[in-house]
Amino acid sequence: MGERIQNFRTRLTGGAPLIGTFVKTPSPIICEVLAQALLDVVCLDAEHAPFGRMEIDGCIATLRAADQPSLVRINACTAAEIRSALDCGATGILAPHVASADQAKAIAVAARFGEGGRGYSGSTRAAGFGTRSLRDHIEYSDGHTTVIVQIEDLAALDAVAAIAAVEGIDGVFIGRTDLAVAMGKDPFAPEIVDAVAAICAAGRKAGVAVGMFTPSIDEVPRWRAAGASLFLLGSEQGFVLSGARQLAAAFHEHGNGGR
């Protein structure tokens with residue numbers, strides 16, 4: 001395993017500033033291209049994009065070959081979804097809609113080996129397709145599997161401190177847009193900004209990493225000062241659309257290519 005993947009969890013929990021993006025297109029080629037950007041992490045969005053087991057498997061294989069840390073935002077917080085992503089070799093998971101400490105505990109248990117936890121197989125990519133011993137695979141998983149839970153529901157706001165304190169949870173990720181939708185507010189409304197600040201404070205007090213998506217990169221310094229360190233910004237869809245729009249605008253600005 002490459003150094004960047006091996007060091008990701010340590011960097012995250014140590015509060016290092018990390019930048020990543022979401023991948024919405026289930027394509028290993030997209031992942032191969034993004035790996036050239038040397039982002040700190042790439043997050044496959046299996047919650048909101050058409051990723052099946054094979055698509056996740058292919059994308060993670062490509063990212064691992066490039067020593068690119070990867071997260072999978074799982075489609076649902078079930079043991080099967082967690083096991084599938086980690087067996088494919090993901091560096092970690094981003095679990096959506098976590099609203100209680102009990103739910104966070106169940107996710108943390110399902111992500112690691114042991115009684116009632118992750119089912120073991122030595123034939124997976126994560127286990128080196130049978131080349132890593134049982135002991136080595138379990139020790140590596142215990143030390144490097146990254147578990148981040150997403151706070152995006154109104155019910156979670158009063159439970160953030162308890163969620164962040166759950167053993168095995170490495171970070172909380174703020175779903176600001178979902179919070180805004182739940183409150184019927186704009187993402188920049190004072191109530192939403194206050195909620196984000198409160199989650200940052202709770203995460204920092206619990207000693208776990210705080211991550212977020214922010215609508216504007218100009219906000220990053222503010223949220224860094226508030227304790228956030230992981231930023232998943234944009235997506236490959238956004239990069240393609242933005243680049244194409246800029247190209248079209250530049251072309252028309254120059255008189256349709258000079259004709």
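Leu38 has a relative accessibility of 60% and therefore counts as exposed, the cut-off for that class being over 50%. In this predicted model, Leu38 sits in the loop that runs between α2 (28-35) and β2 (41-45), and its phi is near 55°, a positive value in a residue other than glycine. Most residues other than glycine have a negative phi.

Asp67 also has a positive phi, near 55°, and is placed in the loop between α3 (53-65) and β3 (70-73). With a relative accessible area of 16%, Asp67 falls under the 20% limit and is therefore buried. The table sets out the backbone angle and the loop for each residue.

| Residue | Phi | Loop between |
|---|---|---|
| Leu38 | near 55° | α2 (28-35) and β2 (41-45) |
| Asp67 | near 55° | α3 (53-65) and β3 (70-73) |

The report now turns to the interior space of the model. The count of cavities of 30 Å³ or more comes to one, and the largest cavity has a volume of about 160 Å³. Its lining is made up of 15 residues, and those that lie nearest the centre of the cavity are Arg64, Gly89, Ala90, Tyr140 and Thr145. Which helix gives the most to the lining of the largest cavity? That helix is α6 (residues 134-144), which supplies four residues. By residue class, the lining of the largest cavity divides into six nonpolar, six polar and three charged residues.

Terms used. Residues numbered from 1 in each chain as written. Predicted model: local features only at pLDDT ≥ 70, side-chain atom pairs only at ≥ 80, totals over all residues. Heavy atoms only, no water. Helix = DSSP H or I, 4+ residues; strand = E, 2+ residues; numbered from the N terminus. Buried < 20%, exposed > 50% of the residue type's maximum accessible area, 1.4 Å probe, protein only. 1 Å grid on protein atoms, 1.4 Å probe; cavity = no way out; pocket = protein on both sides within 12 Å on 5 of 7 lines; lining within 4 Å. Points joined across faces, edges and corners; volume = space filled by probe spheres on them. Nonpolar A, V, L, I, M, F, W, Y, C, P; charged D, E, K, R; others polar.
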